[in-house]
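Open the model in a viewer and keep the sequence panel beside it. The stops below say what to select and what is there.

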Amino acid sequence: MNNYDVIVIGGGHAGCEAAAAAARMGSKTLLVTMNLQTIGQMSCNPAMGGVAKGQIVREIDALGGFSGKISDRTAIQFRMLNRSKGAAMWSPRVQSDRMQFATMWRETLESIDALDFIQGTAVSLLVDNEAISGVTLSNGQNMRATSVILTSGTFLNGVIHVGENQYSGGRSGEVAATGITASLIELGFAVGRMKTGTPPRIDGRSLDYTKFTEQPGDEDPRTFAFHGTSRLTKQRSCWLSATNETAHEIMREAFDRSPLFNGAIQSSGPRYCPSVEDKINRFTDKASHQMFVEPEGWSTVEMYINGFSTSLPEETQHRALRSIPGFEQAKFFRPGYAVEYDYFPPTQLSHSLETHLVKGLFFAGQINGTTGYEEAACQGLMAGINAHARCKNLTPTILDRSQAYIGVLIDDLITKGTDEPYRMFTSRAEFRLNLRQDNADQRLTAIGRSLGLIDDDQWSAFELKMSRIASASTWLKSQKVTTDSVNTMLVSKGSSPIKQQMPAADLAARPQLSLLDVIACLDPVDKEDFNQEEVWEDIAINLKYAGYITKEQEQVEKLKRMESLKIPKLFAYQDIKALSHEARQKLSNHQPATVGHASRISGVSPADIQVLLVHLGR
């Protein structure tokens, strides 16, 4: 049984979501992984979500992926970040039990009938007439498929660095993957190198927590999943600490032995999650850098030192960390390290994540130059959906920038490329007020349902929520407030009293007030049918930001008009002399499918777009 519709190479976050999606949609799918025991492993931080990343996890759940549900079911702490800011910035994050997370991913995948597994290493690709036909494993076995998804993480020609020691590996204790890079280069793909890192793991029993600041979870924890999981009833705390000048000086003394500075590492590392030695070197005015002491699970004593990612010599890591209050007696489970690996510039892909050079071949995750479990998982989900579509001759599913952070991420990668590890931020999304974490289900659940990834229970729960929002909105619009009913409350909240009766919804739009403040002043009414926290939160956000949301929607419509203007394949940009030289070069290389896509290519100016529109007869 060596013939499949879809083969997924790699069992990380991208590979798990890809395999689950393709198999659940009806493709006979094979997941190839070098180690069946590390499927779904959290190689770095034992957490999911965070700023903008949390929005992505909620979008994955709304489309029918599993990352949110598995995060909820293995969570040990939940926090909603940025609650002091506007709703567009609210970002959910969970601390996970590392071992439970991986176990639950494997159990989830094993419950999917159309999904098979094999432990092995893919060493080359099988291509016939510029279309993928399968992969060859290291044992010489050929596995045939119509679509192949590469989700290789940090394993392609991976090299691990700890001080002056370097050895082949994709992550600690695991060998690198070789062969695939050479196969892709032979097919004409461009390749680059990137670097990421991870901090030491510490025995939590050796730490003095009285010298740290406790960081508990939220008092009212939420969930990533819109349906099907429960809120935490107990949580584990994380702890705040910081480096100091003594630690900095110890690390500076070893800079000549750091692979980051002595030339051993020449590839780009993550700009927004740099190693601690990089922070010390770049921010010389900073006397300290924040660290987070994070538990790895419910029952383990292992601690993850977030903010202390490093590839310095092991003895330097020991001395530096033990110079920080609370870590004086710290015992190391294992040191931090950096890993260099091959990636393939994502401008070589279409928006479906299919490669231009080989039909049916898809890339997802860190092979495209991204960082983070969340960015990888969403790419895997979309690649799985579109690999299935390729097998069944269906139209690919492509999310645009106005629909999802997933759409922003993929469009950024395809249009702009990246020469350093890409990380998602809310600032990357021009329509972030419409792309909130709370409304991901309203944006994407119908799409997931149409693909067959949203089951009946989740769809019924979504329909009930929307019905409750409609009922609550209708009720609120019918309500009026009077001077007698609200002025005392308004004065207490620092808001101007009203002089005459007015709609309750208009009053609720005031920045000093919450919707619940206004509702409390209304006549009692039986609202049990829609008296849910998420219902009122949705209504409140739309009331508060109505004007801004409308303005943003106008911009979305403009973008859609641009996206509807198709550009013929292999359009002769070089013949249009009115285009700038850079625009001709960039447009010829990227071959954008639409004018909207062309407008987002770095180096293509608004004037170039006007010239292009003229030549397209617009």
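Begin with Gln 215 and Cys 238: Cys 238, in strand E15, is the bridge partner of Gln 215. This is a predicted model, in which local features need pLDDT of at least 70 and side-chain atom pairs count only at pLDDT 80 or more, while totals for chains, interfaces and linings use all residues. Residues are numbered from 1 along each chain as its sequence is written, and side-chain values use heavy atoms, with hydrogens and water left out.

**The six-stranded sheet**

Select residues 213–215 (strand E14) and 238–242 (strand E15), which pair in the antiparallel sense over three bridges. Two strands pair if DSSP finds at least two bridges between them; strands (E, at least two residues) and helices (H or I, at least four) are DSSP runs, numbered from the N terminus.

Add strand E16, residues 290–295, which pairs with E15 in the antiparallel sense over four bridges. Here Leu 240 has Phe 292 of E16 as its bridge partner. Next add strand E17, residues 302–306, joined to E16 by four bridges and running antiparallel. Val 293 stands opposite Ile 305 in E17.

Now show the whole open sheet: six strands in the order E14-E15-E16-E17-E13-E18, with antiparallel pairing. E14 and strand E18 (332–334) stand at the edges with a single partner strand each, so one side of each has no neighbour in the sheet. The twist averages 35° from one strand to the next. Such angles run from 0 to 180 degrees between N-to-C directions, and axes are lines fitted to C-alpha atoms, for helices over the stretch in contact.

**A residue in E15**

Which strand holds Ala 242? Ala 242 is in strand E15, and it is partly exposed, with a relative accessible area of 29%. Buried means under 20% relative accessible area, exposed over 50%, and partly exposed in between (1.4 Å probe, protein chains only). Select His 289 as well: its C-alpha atom is separated by 5.3 Å from that of Ala 242, although the two residues are 47 apart along the chain. Leaving aside residues up to four places away in sequence, Ala 242 touches Ser 288, His 289, Gln 290, Met 291 and Ile 324, where contact means heavy atoms within 4.5 Å.

**Two helices**

Move to helix H6 (residues 245–252) and helix H8 (residues 314–322), whose axes come within 8 Å and cross at roughly 165°. That makes H6 roughly antiparallel to H8; angles under 35 degrees count as roughly parallel, over 145 as roughly antiparallel, 65 to 115 as roughly perpendicular and the rest as oblique. Show the side chains of Ala 247, Ile 250 and Met 251 in H6, which meet Thr 316, Arg 319 and Ala 320 in H8.

**The three-stranded sheet**

Go to the open sheet with strand order E3-E5-E4 and antiparallel pairing. Strand E3 (47–49) and strand E4 (75–81) are at the edges, each with a single partner strand, so one side of each is without a neighbour in the sheet. Here the twist averages 15° from one strand to the next. Three bridges join E3 to strand E5 (residues 91–96); Gly 49 has Arg 93 in E5 as its bridge partner.

**Helix H20**

Finish at residues 606–615, helix H20, where the buried residues are Asp 608, Ile 609, Val 611, Leu 612 and Leu 613. Their cover includes helix H17 (546–563), helix H18 (581–590) and helix H19 (595–599). Just after H20, select Gly 617, which takes a positive phi of about 80°.
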